[in-house]
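Open the model in your viewer and keep the sequence panel beside it. The stops below each give a selection to make and then say what is there.

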Amino acid sequence: MPPSTPAQPDPPIDADSAALRAILRHQASTVTVVTAPGAPPVGFTATSFTSVSLEPPIVSFCLNLASSSWPTVSRSRHVAVHLLAHDQRELARRFATSSVDRFAGPTRWRPGPQGVPILDGVLAWLLCRVVDRVTVGDHAIVLAEPELLHADVGTPLLYHRGGYAGLDPATGPEPPHGPGAAVVTAPARPTG
């Protein structure tokens, strides 16, 4: 019996914006909302949040230059990045919707350090000092140094294949400090 011939893979396609968008849908990411102080304050849903460096601690997120939030974020010295919990799909949708008051009810928030809006009930938030903005194509990459953080125990809201998803509680990861772990509120770096 002759050996079987392996199936030929599909040929590669050009990496245009539609193809790139389609392939990136396979990458699951934590849903975040970024807020910045202003009159009125601004905020938007982002799935582009990532850690860039641990020494010094630097994170990044991307924002479309045509976004209504960009003029405020382009001038802000501080922003807050909020990691949403699995039950916060409506909050994610609200901050992804144009032409609405994202901070009106039912959104619960309070002014935080540096006047940055802090959303209530999120899985975690980081108050960050903006250190640089890099324009690339139609977006800006915002680099920021976390100065304060707050985290609760819970399961994150994920964005995958064009929709919101969550981890299966039966098979999801264990809390990092075991059941009933305490809330963490700490400076992100030593002070003094």
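Begin with the hairpin of β9 and β10. Two residues lie between its strands, and Gly137 there takes a positive phi near 60°. This is a predicted model, and residue numbers count from 1 along the chain.

**The whole chain**

Show the cartoon for the full protein chain. The chain has 192 residues, of which 34% count as buried. Its secondary structure comes to three helices and 13 strands. Among contacts with a separation of 6 or more, 64% are between residues 24 or more positions apart.

**Strands around β9**

Now select residues 139-151, which make up strand β10, together with β9; the two run antiparallel and are joined by twelve bridges. Within this pairing, find Val130 and look across to β10, where Ala144 stands opposite.

Next add residues 78-83, strand β6. This strand pairs with β9 (residues 124-136) in the antiparallel sense, over six bridges. One place to check is Leu83, whose bridge partner in β9 is Ala124. When you follow any regular strand, expect the side chains to alternate between the two faces of the sheet.

**A polar contact from β10**

Stay on β10 and select Glu145, which is placed in that strand. Is Glu145 buried or exposed? Glu145 has a relative accessible area of 8%; the cut-off for buried is under 20%, so this residue counts as buried. Show Arg129 as well: the side chains of Glu145 and Arg129 are joined by a polar contact of 2.6 Å.

**The largest nonpolar core**

Select Val34, Phe44, Phe61, Val73, Val79, Val81 and Cys128 and show their side chains. These are the residues that touch the most other members of the largest nonpolar core, which has 20 residues. Two or more residues each come from β2 (32-36), β3 (42-46), β5 (57-64), α2 (70-73), β6, β9 and β10. Which element gives the largest share of this core? It is β9, with four residues.

For a closer view, centre on Val81. Leaving out residues up to four places away in sequence, Val81 touches Thr32, Val33, Val34, Phe49, Phe61, Ala124, Trp125, Leu126 and Cys128. A second core, separate from this one, has 15 residues, including Leu91, Phe95, Ile118 and Leu119.

**Two cysteines**

Select Cys128 and Cys62. Cys128 has 0% relative accessibility and counts as buried. Cys62 is partly exposed, at a relative accessible area of 26%. How many disulfides does a search of the whole structure find? The search finds zero.

**The β4 and β5 hairpin**

Move to residues 50-54, strand β4. This strand pairs with β5 in the antiparallel sense over four bridges. The two strands form a hairpin with two residues between them. Select Ser51 in this pairing, and Val59 of β5 is found opposite.

**Aromatic pairs**

Show the aromatic side chains. The structure holds three aromatic pairs. In one of them, the rings of Phe44 and Phe61 have their centres 5.9 Å apart and their planes at 55°, so this pair is tilted. Phe44 lies in strand β3 and Phe61 in strand β5, so the pair ties together parts that are 17 residues apart in sequence. Both of these residues are buried.

Then select Phe103 and Trp109. Their aromatic pair is edge-to-face, with 5.2 Å from centre to centre and 70° between the planes. Phe103 counts as buried, at 9% relative accessibility, whereas Trp109 is partly exposed, with a relative accessible area of 31%. Add Phe95 to the selection: ring pairs link Phe95, Phe103 and Trp109 into a cluster. Phe95 has come up before, as one of the residues in the second core.

**A loop to finish**

Last, select His86, in the loop between β6 and α3 (89-96). His86 is partly exposed, with a relative accessible area of 44%. What is His86 in contact with, leaving aside its neighbours within four places in sequence? The contacts are Thr155, Pro156 and Leu157. To end, draw a C-alpha to C-alpha distance from His86 to Leu158: these residues are 72 apart in sequence and 7.4 Å apart in space.

Methods: This is a predicted model: local features need pLDDT of at least 70, side-chain atom pairs count only at pLDDT 80 or more; totals for chains, interfaces and linings use all residues. Side-chain values use heavy atoms; hydrogens and water are left out. Two strands pair if DSSP finds at least two bridges between them. A nonpolar core is a set of buried Ala, Val, Leu, Ile, Met, Phe, Trp, Tyr and Cys residues joined through side-chain atoms within 4.5 Å. Buried means under 20% relative accessible area, exposed over 50%, partly exposed in between (1.4 Å probe, protein chains only). Contact means heavy atoms within 4.5 Å. A disulfide is a pair of cysteine sulfur atoms within 2.5 Å. A polar contact is a pair of N or O atoms within 3.5 Å; within protein, one must be able to donate a hydrogen and the other to accept it, and residues adjacent in sequence count only if both atoms are side-chain atoms. Rings of Phe, Tyr and Trp (its six-membered ring) pair if their centres lie within 6.5 Å; planes under 30 degrees apart count as stacked, over 60 as edge-to-face and the rest as tilted.
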